[in-house]
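Colleague: I am new to reading models like this one. Please take me slowly through the salt bridges and the parts of the chain around them.

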Amino acid sequence: MTPLMQHLRRIRYATFLGDAIILCCLSLVLVWIKKGTAILFFQYGWVMLCVLLALYASKSYEFGMHRSLEKIILSTCAGTIAGYVISIPLILFFPTRLPRIAMIGVIITSLIVIAFFHVLIEWFVRNTTPVEHTLVIGKEEHWADLFKEISEAVSNKIHVIGYINPTPSSIQSFIEKTPHLSTIIVADRDKVDNPELMKVFRQLRDTRNNIFVRYLPSVTESCLGRIPLTMANKFCQYYEISFNIATPKAYSRALDLFVAGIGLLVALPIMVIIAIFIALTMGFPIIFTQQRIGLYGEPFTIHKFRTMTAKKSNRATFADQDQERITTLGQILRKTRLDELPQLWDVLIGKMSLIGPRPEQPEFVKDFIKVIPFYNYRHRIRPGITGWAQVNYSYSASIEETKKKLEYDLYYLKNQSLLLDLQIVLRTIETMLGMRGAR
């Protein structure tokens with residue numbers, strides 16, 4: 001791990017500990033108000049755990065990742081609120097309840113204090129984090145644009161001092177002439193298979209503790225949260241193995257069944273009201289259906305609340321080409337994502353998942369597979385109502401935008417986990433509350 005990553009990791013651990021201390025102090029106040037018992041201590045311990053987990057999942061500890069003040073506050077507040085909400089079901093089983101008024105005060109106080117604490121930490125990180133001086137093993141014309149993006153993503157804390165295509169002797173010479181060098185990033189796939197160069201790197205690790213050797217895929221994924229197609233093409237063997245072994249996860253299907261079943265029951269009154277408004281303002285049909293491509297390339301019918309007037313042509317179009325057809329009610333439904341509630345049925349019957357790549361129309365898929373490398377791999381898992389690409393990128397309205405969105409889908413495909421799914425859920429809630437990202 002490089003000095004930059006070690007520094008940021010220490011900051012994250014310290015902030016996590018700081019959040020725990022803040023919540024612990026608030027819990028002591030709450031228990032003191034109630035003349036606390038052991039059950040109350042256990043209850044608030046559970047609340048603390050849920051809040052800390054939700055803060056972690058909402059990326060509230062991603063310091064130094066070029067986030068705006070608004071983004072820091074939003075992610076921190078979303079994580080804190082989500083943690084309290086997640087903790088409610090277990091608390092309801094206890095005969096002794098946490099005092100309601102005092103609990104509301106604790107929630108409001110924790111929102112303000114934790115958000116301020118995280119803003120303060122971000123300021124500290126930006127002003128104290130050392131710059132990582134980096135040597136890239138690869139050609140500048142291939143990687144300059146990517147490293148510019150990587151550097152911007154970490155608040156310009158990665159500084160590339162040169163690009164070389166070295167021999168074992170030349171890299172030793174370069175290191176001796178560059179005493180402030182801290183990191184070597186291997187961006188040339190062929191160098192990974194060069195035993196002599198790998199021997200030099202091993203010697204560096206043994207003799208120069210202040211120089212770290214990293215590989216471009218791991219650096220890019222950790223900094224950008226996506227897999228650029230240019231990099232995937234260069235490291236195609238590595239990525240094709242990762243993509244080929246990706247499959248739908250058992251925990252994901254169990255979660256789909258639970259959430260979709262509960263969600264349909266809870267949302268039924270809202271769906272009835274929406275259906276009535278659509279019938280009164282737009283007439284029938286209330287539900288919009290369309291063919292999409294799902295798991296393993298199989299077509300299925302997707303269901304959404306209708307948000308547009310009737311279409312004259314059945315030709316497939318991008319989202320921004322139908323803007324004039326969206327009604328006033330449709331704009332509200334799209335901004336709040338309430339138009340997607342009927343898709344819970346698609347999740348329940350196994351055609352979709354809560355989280356996954358957004359399903360596309362068959363006509364688009366045929367074209368994309370021909371011109372976009374790795375596109376077909378996104379069908380290795382079920383399509384989702386929300387997903388890593390949906391919360392990080394807006395609707396795609398061109399081939400180039402589709403390529404960029406695919407890069408996020410490929411990252412999710414390779415890095416599927418329960419924690420990543422929780423991050424996506426929290427960021428989806430944040431997007432819905434901010435009414436952003438929908439077309």
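Modeller: Here is a walk along the chain, one pair at a time.

This is a predicted model, where local features need pLDDT of at least 70, side-chain atom pairs count only at pLDDT 80 or more, and totals for chains, interfaces and linings use all residues. Residues are numbered from 1 along each chain as its sequence is written, and side-chain values use heavy atoms, with hydrogens and water left out.

How many salt bridges does a search of the whole structure find? There are 8, a salt bridge being a side-chain nitrogen of Lys or Arg within 4 Å of a carboxyl oxygen of Asp or Glu.

Let us begin with Glu 122 and Arg 126, whose side chains meet with N and O 2.8 Å apart. Both residues belong to helix 4 (residues 100–128), and their spacing of 4 residues is about one turn of the helix. Helices here are DSSP runs of H or I with at least four residues, strands are runs of E with at least two, and both are numbered from the N terminus. Glu 122 has a relative accessibility of 2%, so it counts as buried, a word for under 20% relative accessible area; exposed is over 50% and partly exposed lies in between (1.4 Å probe, protein chains only). Its partner Arg 126, at 37%, is partly exposed.

Now for a pair that reaches across the sequence. Glu 221 forms a salt bridge with Lys 414, with 3.2 Å between the closest N and O atoms. Because Glu 221 sits in helix 9 and Lys 414 in helix 17, this pair ties together parts that are 193 residues apart in sequence. Glu 221 is buried at 8% relative accessibility, while Lys 414 is partly exposed at 24%.

The setting of Glu 221 is worth a look too. Helix 9 (residues 216–224) is mostly covered, with 7 of its 9 residues buried; among them are Val 219, Cys 223 and Glu 221 itself. Just past helix 9, Gly 225 has a positive phi of about 70°.

On the other side, helix 17 (residues 399–414) also meets helix 11 (residues 236–244): their axes come within 9 Å and cross at roughly 65°. Helix 11 is therefore roughly perpendicular to helix 17. The axes are lines fitted to C-alpha atoms, for helices over the stretch in contact, with angles running from 0 to 180 degrees between N-to-C directions. Angles of 65 to 115 degrees are roughly perpendicular, under 35 roughly parallel, over 145 roughly antiparallel, and the rest oblique.

The next pair is Lys 304 and Asp 339, with their closest N and O atoms 3.6 Å apart. Lys 304 is in strand 6 and Asp 339 in the loop between helix 13 and helix 14, 35 residues away, so the pair links distant parts of the chain. Are these two partners buried or exposed? Lys 304 is buried at 9% relative accessibility, and Asp 339 is buried at 3%.

One more set deserves a mention: Glu 149, Arg 226 and Glu 407 are joined into one network by salt bridges that share partners.

Back in the loop of Asp 339, you will also find Leu 341. This leucine is buried, at 16% relative accessibility. Leu 341 and His 303 are 38 residues apart in sequence, yet their C-alpha atoms are 8.6 Å apart in space.
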